[in-house]
Amino acid sequence: MVGNVPSNNVAVESAARPTQNGAAFSLENILGDNHDTLEHPGLKQQELDARSTTAEGWDEESANRPAAEGFCVECEDQPAQLSCKECEDDYCEVCFAAQHRKGSRKKHAVTPISGFSSKRMEKAWNGVPSATVGTVNGERKGDSEVGADVDMGEGSDAELDQIAVGSATGPSTELLGVQPAIGTAVGEWFVERAKYIPLRLTLVERKYLRLLDAALQVSEYTDKIDTLGFGLSKAKRIVHQIRELCAILSGLVLSADYKLGQELFTDRDFQHNAEFYQQIFELGRRHKIMNPDKMRTTYGKLIYLLQDSQSPEVKDMLSFSCVKPIRTVYGVLEQHSALELLRDNLVSVATKEVYADGRSRRDIQKDIKSKERAIETLASRYQRQGLNQEQIRQCLYSIGDNHAFLRTNRDPCDRMIHYLKTYFHPTQAKEQKHSLAIRSGKGGARLSHDHAKQYAYVLQSLTLWREILHDMFRLWSLAELDLLSETVPYRLRDTGQGLNRVQAAPKTLRMMHTILQRAQQSVGSWVGSSAIHMGDHNVPNALMFIDKYSQIYRILLPVCNTLSQIPSLSDKPALRSYIEDEFGSIENCIREILSDFFRHGFDGSGADNFFDAGSCIDGRLTSAWNWCAQLEKKWYFPVFLLTGTSSVIASDVVSIVDATVSPPPPPRVYWVRWRVVRASRIDAEVFSVVVPFTFAIHV
């Protein structure tokens with residue numbers, strides 16, 4: 001204890017000294033208006049100490065791996081383009097803009113590394129990526145510089161660079177926009193989109209998918225591989241488990257298709273059946289991307305199995321590869337030279353969604369007929385040898401599935417942004433009780449924002465989520481490339497939540513930086529941290545990242561549905577009287593739910609400890625999860641029940657199908673009687689159990 005006293009005194013003295021911008025690191029300056037420019041004097045020393053020490057907890061390998069010479073110190077994947085004198089590190093353009101966006105780091109001196117233009121350096125230094133500007137000094141860039149069509153290979157980041165560069169003429173800018181309206185030229189929008197849209201499974205493929213899911217259900221792959229204390233080497237254990245799973249698949253195929261099963265059993269060599277196993281594993285990956293809610297437990301086993309099979313040592317023992325590229329709409333059409341189908345203006349009609357909200361049956365039937373005619377027209381127009389009409393319909397239906405995914409996952413973000421702008425003022429609250437201001441330590445919050453700052457914080461978080469979900473299929477493709485990479489190994493590490501595979505995801509991280517910059521430019525300013533966790537104890541690998549952000553709609557969609565159905569409650573006099581007595585009016589009820597969600601769904605809470613929470617990119621989503629866990633304790637939770645939303649992120653299907661309201665026996669107490677249907681699936685048959693119960697709402 002005696003030896004620690006001098007170091008503590010030195011820390012106190014260093015905190016009292018002025019920082020680089022001249023302001024002393026004191027309580028008065030921390031609470032002042034210019035607190036964003038302050039940087040603790042000991043922060044630099046802590047960063048240096050952190051680099052010289054290994055990570056805490058058990059790890060298969062040393063976590064202290066310096067970046068390769070000539071590469072960015074942050075992402076360790078892209079060539080270094082800028083050198084920071086104060087940090088004494090080399091960065092790529094994207095990482096430099098993210099790390100030096102605000103605070104004292106914004107004033108750091110930077111020099112370009114040879115081969116990097118000074119104009120691009122100046123734009124990156126100002127926090128505006130040169131990539132996003134389509135003109136230079138008022139002049140248009142040449143097509144040869146930004147308009148070339150680049151292939152997305154497993155070992156190349158050329159397309160990501162093109163996204164970062166962008167232009168007014170390049171096809172990548174259309175990808176960032178909304179879907180072309182019906183009757184307008186579609187251009188290259190569907191061509192770029194189709195590169196990442198998986199092909200819908202056929203009836204025969206769905207049969208094999210069920211066999212794969214059944215085999216993964218009984219497999220104990222991760223229990224046998226991601227553990228300690230086994231006598232065999234890890235590579236031998238992996239090979240044994242993969243062969244065991246393939247044997248189970250062969251047995252299931254025999255029971256489903258005797259002829260094909262006999263062929264697999266007659267030829268016991270796994271190498272000769274490699275194409276069959278690759279196809280089966282690809283079906284599971286393709287189905288999961290199109291249906292994020294399916295294969296919740298088995299997809300993790302599948303992707304970890306394929307990740308291990310990419311190891312050179314395992315490949316030598318297996319004598320075959322288990323991985324093949326995902327079949328996409330673009331790949332099928334390109335194989336048969338039919339990409340012009342995606343440039344046909346009829347494709348927007350053939351893939352549109354037909355909505356029934358507030359529309360007459362005549363209009364709905366009219367849209368259905370026009371969609372069917374467009375599909376048949378395209379199928380007959382572009383059929384050719386090797387590509388029949390049914391395959392073209394399958395491609396068009398797959399694009400329609402993508403539109404349904406965007407409506408379910410992305411559109412709730414747009415609806416919440418609309419609610420935010422409709423019910424709240426950007427700079428000041430209309431009423432004090434509806435203010436969005438939060439204070440650290442109050443109500444579980446770990447951030448301190450006034451109304452204006454919290455409004456901007458919520459807006460930018462929802463905008464970021466919207467941009468992520470808009471490009472979710474592209475992110476999923478990059479995540480699988482990172483997970484199944486042969487050059488990026490993983491470490492089995494205790495992250496505080498058990499043993500996890502910690503693996504860097506350079507392609508996914510770079511795409512996230514591009515999406516983050518796009519979101520920052522759309523909102524104009526940025527509140528809080530822009531750090532993206534990837535390959536650490538918070539987000540161990542790209543699989544965890546994808547799983548986190550695929551749950552956003554399960555948070556926002558029930559809230560949006562509840563808010564949209566609240567006005568219909570006024571049709572029943574008893575429910576209208578309850579809402580008016582409890583909240584004052586329908587509008588006040590909506591505003592109270594929104595104000596609580598915008599305050600405590602974005603307050604930096606929800607992590608296991610203080611340091612893992614806050615305003616970072618992943619911490620924003622963690623706060624929303626924490627709010628969902630506390631929803632049943634909120635004073636407005638009966639409103640969710642009245643509108644038919646029992647809970648957010650529920651594990652099973654619960655729907656309130658009927659409600660009868662009887663006159664209140666005592667004054668100001670309303671007795672509500674519900675019939676709840678709980679649906680469970682057993683052997684592909686649905687059994688419904690009706691559970692009547694009564695509860696009282698005390699006003």
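**Helices and a three-stranded sheet in a predicted model**

Helix α24, spanning residues 506–523, contains 18 residues and extends 26 Å from its first C-alpha to its last, close to the 26 Å expected at 1.5 Å a residue. The model described here is predicted. The points below concern helix α24, the pair formed by helices α19 and α20, and an open sheet of three strands.

**Helix α24**
- Helix α24 is mostly covered, with 15 of its 18 residues buried.
- Glycine 524, just after α24, adopts a positive phi of about 90°.

**Helices α19 and α20**
- Two packed helices are described by the angle between their axes and the distance between the axes.
- Helix α19 covers residues 361–382 and helix α20 covers residues 389–409; their axes come within 9 Å and cross at roughly 130°.
- The two helices, α19 and α20, are therefore oblique to each other.
- The crossing in which α19 passes α20 is right-handed.
- On the α19 side, the contact is made by Ile375, Glu376, Leu378, Ala379, Ser380 and Tyr382; on the α20 side, Gln389, Ile392, Arg393, Leu396 and Tyr397 take part.

**The three-stranded sheet**
- The strands of this open sheet follow the order β2-β1-β3, and their pairing is antiparallel.
- Strands β2 (89–91) and β3 (110–112) form the edges, each pairing on one side only.
- From one strand to the next, the twist averages 30°.
- Three bridges join strand β1 (residues 82–84) to β2 in the antiparallel sense.
- Cysteine 84 stands opposite aspartate 89, which lies in β2.

Notes
Residues numbered from 1 in each chain as written. Predicted model: local features only at pLDDT ≥ 70, side-chain atom pairs only at ≥ 80, totals over all residues. Heavy atoms only, no water. Pairing = 2+ DSSP bridges. Helix = DSSP H or I, 4+ residues; strand = E, 2+ residues; numbered from the N terminus. Axes fitted to C-alpha atoms, helices over the stretch in contact; angles between N-to-C directions. Expected span 1.5 Å × (residues − 1). Buried < 20%, exposed > 50% of the residue type's maximum accessible area, 1.4 Å probe, protein only. Parallel < 35°, antiparallel > 145°, perpendicular 65-115°, else oblique. Left-handed = near helix turned anticlockwise from the far one by under 90°. Contact = heavy atoms within 4.5 Å.
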